[in-house]
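Trainee: Could you take me through one part of this model closely, the charged pairing around a single arginine, and then set that part in the context of the whole chain? I would like one connected account rather than a list.

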Amino acid sequence: MSLSCDLKPDCVSVTRTVLLERTPLLLILLVAAYLRFANVSDNPGWYTDEAAHVDIAHHLLRGEVRYMAINQSTLLFARPPLFHLLLAGWFGFVGEGIGTLRLFTAALGVLSVGTLYGVARRLSGSTGFGLLAAGLLAIYPQAVLYSRFGFSYNLLPPLILLALMSSSEYLRSGKRSWLALAALAIGLGVVSDLMALTFIPALLLIVLLRRWRDVLWGLPLTVVPFGVYAGVMFLTVPDAFLFDLGFTLGRLNALSPIGQIANVALNYSTLLSQDFWILAGVIGLFLLRPNSLKLAGLLLFWIPLILMGRTVALHSLSAYYLIPLLPLIALGAAGLLWYGIPRVYMLVSNALTEQMNGRYSRWTKIGAGVFVAGVAVVPLSISLKLTVDGVQTQYGTAIDPFLVNPLDARAVADYMNAHAHEQDVVIASPAVGWQFRANTADFQMAVAANGEDAPHLPGNIPAERWAFDPRLANADWVIVDDLWRNWGAVHIPGVARMLQTLENWPLIFEAGAIQVYRNPAFKPSQ
């Protein structure tokens, strides 16, 4: 649109419309950016999964496929390549570290807010509804928190929103191009995080409901990106790829069918009791319009939720599994406010009219409006206030006992990089050890190298996969933090035994809750 319109009425009207639409959207994006970027480097504390992404991307920048002590493939850790390839590119421009990782995922969070606006506006036909949905995602506490963590799952929300738009348009129009776009969006999600596999059955149901013959070509498109990845791996490291794929798929059905049903029920009841946003989102998804959006939204929410909830917890330590569903929850909450509030207003207004013996007055309307506005605004205001406080001070999370204080971690890194040689072997939690120049493995690797199974690693990893020997007997240094005490020693007998052994090692350095132990037989490298 030309900037000079000579004050023509039509041009002025268009300009006013654009400004009225874009100004609120810009404000929403600014709020989303502030809540996700402010003080993000150290708030909240560092988590082990973030360090894993940093380490994998660090090695990719150097032409290696490796995570700490294990090389050739990262699929053993359920880490497909897309997120880490993008992250490695980002690191190449801005430098490596958890802080720069978090800038990347915070930007993805803001991108998700803008994407939700576009998707909701297009599918509902209402700019106001699009702004409401984007505004709710911008301030949704869980969406803010997990955008501030450097989790690879943050790449999924924009892709899932693209799949939502495409599958809804496919349901409405039947155009196969929309199905192809939805399938490829989910397929790209699979090569970012394997949890995106849970969206494929949802797309299958959508296709069956619209035109079952499209299953024959549409569903194979979802596996094309992973097929390309698998082809490259087969050509380069086939044995490592097959080993990792077998172990990873074997972990997906660790519970019995009865256990899986019980786990889904526990997850669902826990989520509803802990987060009023989820309850609002679940209800609101049923109110969405048009029906194509409602159906696509419900299937893309419920099917993955059930499939993920079969085998893992979706709360507390594992609540980050919900990240790809958070925009759908915000969309549902917007549906509840946009379509549900007018119904509630009429119910309250009618009830007040009955109480006044059928007299409907201006005060009846005001009273009903104040009540309904209070029901919506008060919880949102309290929620936003707590979120802002967390951003400005220190974000309290359910996983605080497993986080590392960044200041303490930096102090330990300074000590280790000044005293440990690059050829030394260090056992440490990734959230601390990613900073070291020495050969570093985490405690699960030390256990697995000893021939014992760990929760996330098998005890029979082929010898050629080890970049160095990470067993405790070969370690020069061991760094212990709260993750060892609060999780490792509780779930891994091998870690508990290592802590007992460390009682006989000299404590060389300490920063907060992090202790540095040195092997009594240690001889400084020349």
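Mentor: In this predicted model, arginine 122 has a relative accessibility of 45%, and because that value falls between the 20% and 50% limits, arginine 122 counts as partly exposed. Its partner is glutamate 169, and the two side chains meet in a salt bridge with an N to O distance of 2.7 Å. The pair links distant parts of the chain, since arginine 122 belongs to helix H4 and glutamate 169 to helix H7 (residues 156-173), 47 residues apart. The two ends of this bridge sit in unlike surroundings: glutamate 169, at 5% relative accessibility, counts as buried, whereas arginine 122 counts as partly exposed. The pairing also extends to a further residue, for Arg122, Glu169 and Arg172 are linked in a network of salt bridges. As a general matter, side chains of opposite charge can pair when their charged atoms come close.

The residue just before it in the numbering, arginine 121, is likewise found in helix H4, which spans residues 98-124. At 34% relative accessibility, arginine 121 counts as partly exposed. Its side chain makes a polar contact of 3.1 Å with the side chain of threonine 127. If neighbours within four places in sequence are left aside, arginine 121 is in contact with Glu21, Ser126, Thr127 and Gly130. A little further along the chain is leucine 132, 11 residues from arginine 121, and the C-alpha atoms of these two residues are separated by 9.7 Å.

For the wider setting of the bridge, a search of the whole structure finds 14 salt bridges. One of them joins aspartate 214 to arginine 211, with the closest N and O atoms 2.7 Å apart. Here aspartate 214 is buried, with a relative accessible area of 1%, while arginine 211, at 23%, counts as partly exposed. Another salt bridge is formed by aspartate 469 and arginine 471, again with the closest N and O atoms 2.7 Å apart. In that pair aspartate 469 counts as partly exposed at 26% relative accessibility, and arginine 471 counts as partly exposed at 35%.

Buried polar residues are also worth a careful look. Serine 147 is found in helix H6 (residues 141-148), and at 4% relative accessibility it counts as buried. Beyond its neighbours within four places in sequence, serine 147 is in contact with Arg36, Arg102, Thr105, Ala106, Gly109 and Asn154. Serine 73, by contrast, has its place in the loop between strand S2 (70-71) and helix H3 (82-94), and at 0% relative accessibility it too counts as buried. The side chain of serine 73 makes a polar contact of 2.7 Å with the side chain of aspartate 244. With neighbours within four places set aside, the residues in contact with serine 73 include Val65, Tyr229, Met233 and Arg465.

The nonpolar side of the picture begins with a core of 138 residues, the largest in the model, in which Leu164, Phe301, Leu331, Phe443, Met445, Leu457 and Val478 touch the most other members. Helix H15 (residues 291-309) gives the most to this core, with 10 residues. For phenylalanine 301, contacts other than those with neighbours within four places in sequence are made with Val282, Leu285, Leu325, Leu328 and Ile329. Apart from this core lies another, of 32 residues, among them Phe83, Ile98, Leu108 and Ala413. In soluble globular proteins, nonpolar side chains tend to be buried together.

Some nonpolar residues are nevertheless found at the surface, where Leu184, Val224, Val228 and Val232 make a nonpolar patch of about 320 Å². Helix H11 (residues 224-236) supplies the largest share of that patch, three residues. Valine 232 lies in helix H11 and is partly exposed, with a relative accessible area of 46%.

Taken as a whole, the protein contains 22 helices and seven strands, and buried residues make up 53% of its 526 residues. Among contacts between residues at least 6 apart in sequence, 74% join residues at least 24 apart. The protein exposes about 23000 Å², of which carbon and sulfur atoms supply 64%.

How values were computed: Residues are numbered from 1 along each chain as its sequence is written. This is a predicted model: local features need pLDDT of at least 70, side-chain atom pairs count only at pLDDT 80 or more; totals for chains, interfaces and linings use all residues. Side-chain values use heavy atoms; hydrogens and water are left out. Patches are made of residues with over 30% relative accessible area and no salt bridge: like charges are joined within 9 Å, nonpolar side chains (Val, Leu, Ile, Met, Phe, Trp, Tyr) within 5 Å. Accessible areas come from the Shrake-Rupley method with a 1.4 Å probe; for residues, only the protein chains shown count as cover. A salt bridge is a side-chain nitrogen of Lys or Arg within 4 Å of a carboxyl oxygen of Asp or Glu. Helices (H or I, at least four residues) and strands (E, at least two) are DSSP runs, numbered from the N terminus. Buried means under 20% relative accessible area, exposed over 50%, partly exposed in between (1.4 Å probe, protein chains only). A polar contact is a pair of N or O atoms within 3.5 Å; within protein, one must be able to donate a hydrogen and the other to accept it, and residues adjacent in sequence count only if both atoms are side-chain atoms. Contact means heavy atoms within 4.5 Å. A nonpolar core is a set of buried Ala, Val, Leu, Ile, Met, Phe, Trp, Tyr and Cys residues joined through side-chain atoms within 4.5 Å.
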